[in-house]
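Visitor: Got a few minutes to walk me through this one? I'd like to ask some questions as we go.

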Amino acid sequence: MADAPIIDIARLPHPAPVPGATRQQAIADPGFGKVFTDHMLTIEWSEDRGWHDAQLGPRQPIPLDPAASVLHYAQEIFEGLKAYRLADGSMALFRPDRNARRFNESARRLAMPELPEAAFVEACRALALADRDWFPPVDGGSLYLRPFMFATEAFLGVRPAKQYKFVVIASPAGNYFKSGAPAVSIWVAADHTRAAPGGTGAAKCGGNYAASLVPQADAIARGHDQVVFLDAAERRWIEELGGMNLFFVFADGTLITPPLTGTILPGITRDSLLLLAREEGLTIREERYAIDQWRDDAESGRLVETFACGTAAVVTPVGRVAGEDGAFTIGSGGPGQTTQRLRERLVAIQRGAAPDPHGWVMRLD
Ligand code: PLP
Ligand code: COI
């Protein structure tokens with residue numbers, strides 16, 4: 001007997017997919033997050049029925065009651081993962097089981113229902129395959145998948161909603177950073193924090209990103225690419241960027257990255273790089289690192305590189321750091337050797353150009 005499907009996905013015909021020539025034009029230089037594919041996948045949840053009604057159909061606006069509790073109390077979580085094109089032309093996801101697991105950790109923190117991990121992965125797989133023609137033909141291109149869930153119940157009382165919608169959309173992606181510079185410049189947020197102990201910093205919920213917008217805009221206005229957040233209690237310990245984790249590389253071959261104490265996102269790229277760096281024999285320390293120390297170490301040459309990492313940004317060198325009390329340059333201000341080597345190793349595994357000893361790559365076809 002054949003295995004029962006993980007989720008029963010109803011496939012709705014698309015009455016008017018984007019014509020091929022228009023699609024080719026749209027994906028020729030997609031940037032990040034601006035171009036969207038033909039389809040979306042949705043699954044409904046209600047207290048009495050649980051998960052039901054999975055559909056893969058045309059991408060379209062979602063009707064929502066004006067009292068839907070997501071619009072009032074922000075019960076919303078999301079994930080971000082990429083479908084890659086492997087060297088042999090097939091498509092693959094990178095560690096989608098980890099995104100599924102983190103999605104459920106976020107769901108628990110936001111008092112939302114958990115989606116079985118296999119259903120999350122199957123939903124991503126089904127959409128990536130349906131929209132495979134949208135894969136961008138650009139260097140480093142990918143199909144970025146954005147699974148998310150929000151509360152749809154029309155109710156204004158403050159309690160967990162009793163109805164939710166899970167959705168996956170897809171967006172052809174090139175480089176995350178517009179500047180194309182070899183290293184990014186970051187601004188230290190002095191007046192704003194992103195997450196406090198006991199808060200939602202470790203969850204991937206929309207509210208965390210809403211809180212990051214003012215300091216991020218401040219960074220851009222001052223001519224930087226990204227903002228770096230310090231801890232909320234002492235305003236001293238480096239946490240992460242608005243959408244990336246940080247690593248510090250020292251002249252003696254040691255790597256430091258802030259520990260997962262509940263106020264930063266447990267990045268899947270972070271986790272993968274920790275393992276690759278350990279395999280290279282680098283000494284890894286997951287420990288707090290202070291902003292003043294960062295400047296002192298960069299100036300003395302003890303610190304030679306800093307890089308940011310995440311699904312969207314991959315591995316991106318940080319060249320310059322600026323704050324209210326001045327700026328400093330890291331190493332030569334450009335990409336360092338360890339950053340480049342780790343990036344190349346990760347990308348080679350993701351794209352099927354190197355062996356995958358940890359089983360991180362899930363082939364889709
Ligand atoms: N930190 C934040 C706040 C993020 O939004 C992201 C991106 O998802 C990351 C870190 C990196 O996580 P990952 O490597 O799983 O993409
Ligand atoms: C990602 O890297 O997938 C992110 O979600 C970061 C950002 C685009 C929010």
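**Cysteines, ligands and odd angles**

Guide: Let's start with a cysteine: the sulfur of Cys309 is 20 Å from the closest cysteine sulfur, in Cys205, too far for a bond. Keep in mind that this is a predicted model.

Visitor: Is Cys309 buried or exposed?

Guide: The cut-off for buried is under 20% relative accessible area. Cys309 has a relative accessible area of 1%, so the answer is buried.

Visitor: How many disulfides does the structure hold?

Guide: A disulfide needs a pair of cysteine sulfur atoms within 2.5 Å. For Cys309, the closest cysteine sulfur is 20 Å off, too far for a bond. The count of disulfides for the structure is 0.

Visitor: And what is the nearest cysteine sulfur to Cys124?

Guide: Cys124 is in no disulfide either. At 0% relative accessibility, Cys124 counts as buried. The nearest cysteine sulfur is 19 Å away, and it belongs to Cys205.

Visitor: On to the annotation: which residue does UniProt list as N6-(pyridoxal phosphate)lysine?

Guide: The record is an unreviewed entry, and it gives this as a modified residue. In the model, the residue lies in the loop between β9 (184–188) and α5 (206–221). The name UniProt gives is Lys204.

Visitor: Why does Lys204 count as buried?

Guide: Leaving out residues up to four places away in sequence, Lys204 touches Ile77, Phe78, Glu79, Gly80, Arg102, Ser106, Tyr209 and Leu265. Buried means under 20% relative accessible area. Lys204 counts as buried because its relative accessible area is 10%.

Visitor: How many residues are around ligand 1?

Guide: Tyr209, Glu240, Ile268, Thr269 and Thr311 come nearest to ligand 1. A residue makes the list if one of its heavy atoms lies within 4 Å. The number around ligand 1 is 16.

Visitor: Which residue has a polar side-chain atom 2.6 Å from a nitrogen atom of ligand 1?

Guide: Let's go through the polar pairs. For Lys204, a polar side-chain atom lies 2.8 Å from an oxygen atom of ligand 1. Tyr209 also pairs with an oxygen atom of ligand 1, at 2.5 Å from a side-chain N or O atom. The one 2.6 Å from a ligand 1 nitrogen is on Glu240.

Visitor: What share of the area that ligand 1 exposes alone does the protein bury?

Guide: Glu240 is one of the residues that come nearest to ligand 1, with its polar side-chain atom 2.6 Å from a nitrogen atom there. Taken alone, ligand 1 exposes 380 Å², and the share buried by the protein is 96%.

Visitor: Which residues surround ligand 2, and which backbone N or O atom lies 2.8 Å from its oxygen?

Guide: Ligand 2 is surrounded by Phe32, Phe78, Gly80, Tyr144, Arg146, Tyr176, Lys204, Tyr209, Gly243, Thr311 and Ala312. Lys204 has a polar side-chain atom 2.8 Å from an oxygen atom of ligand 2. A polar backbone atom of Thr311 is 3.5 Å from an oxygen atom of ligand 2. The backbone atom at 2.8 Å belongs to Ala312.

Visitor: How much of the area that ligand 2 exposes alone does the protein bury?

Guide: Ala312 has that backbone N or O atom 2.8 Å from an oxygen atom of ligand 2. Taken alone, ligand 2 exposes 280 Å², of which the protein buries 88%.

Visitor: What separates the C-alpha atoms of Val35 and Trp134?

Guide: Val35 is in the loop between α1 (20–27) and β2 (39–46). Beyond four places in sequence, Val35 touches Ala26, Pro30, Trp134, Ala170, Ser171 and Pro172. Val35 and Trp134 are 99 residues apart along the chain, yet their C-alpha atoms are separated by 9.5 Å.

Visitor: Now the backbone: is Asp53, with its positive phi, buried or partly exposed?

Guide: Asp53 is not a glycine, but its phi is about 60°. It lies in strand β3 (residues 50–58). With a relative accessible area of 44%, over the 20% limit for buried, Asp53 is partly exposed.

Visitor: And Arg95, buried or exposed?

Guide: Arg95 has a positive phi too, near 45°, in a residue other than glycine. Arg95 lies in the loop between β6 (91–94) and α3 (96–109). Its relative accessibility is 8%, so Arg95 counts as buried.

Note on methods. Residues are numbered from 1 along each chain as its sequence is written. Chains are lettered from A and ligands numbered from 1 in the order in which they are written. This is a predicted model: local features need pLDDT of at least 70, side-chain atom pairs count only at pLDDT 80 or more; totals for chains, interfaces and linings use all residues. Side-chain values use heavy atoms; hydrogens and water are left out. UniProt positions are given in the numbering used here, feature names are shortened, and annotations may be inferred rather than shown by experiment. Helices (H or I, at least four residues) and strands (E, at least two) are DSSP runs, numbered from the N terminus. Buried means under 20% relative accessible area, exposed over 50%, partly exposed in between (1.4 Å probe, protein chains only). Contact means heavy atoms within 4.5 Å. A polar contact is a pair of N or O atoms within 3.5 Å; within protein, one must be able to donate a hydrogen and the other to accept it, and residues adjacent in sequence count only if both atoms are side-chain atoms. Accessible areas come from the Shrake-Rupley method with a 1.4 Å probe; for residues, only the protein chains shown count as cover.
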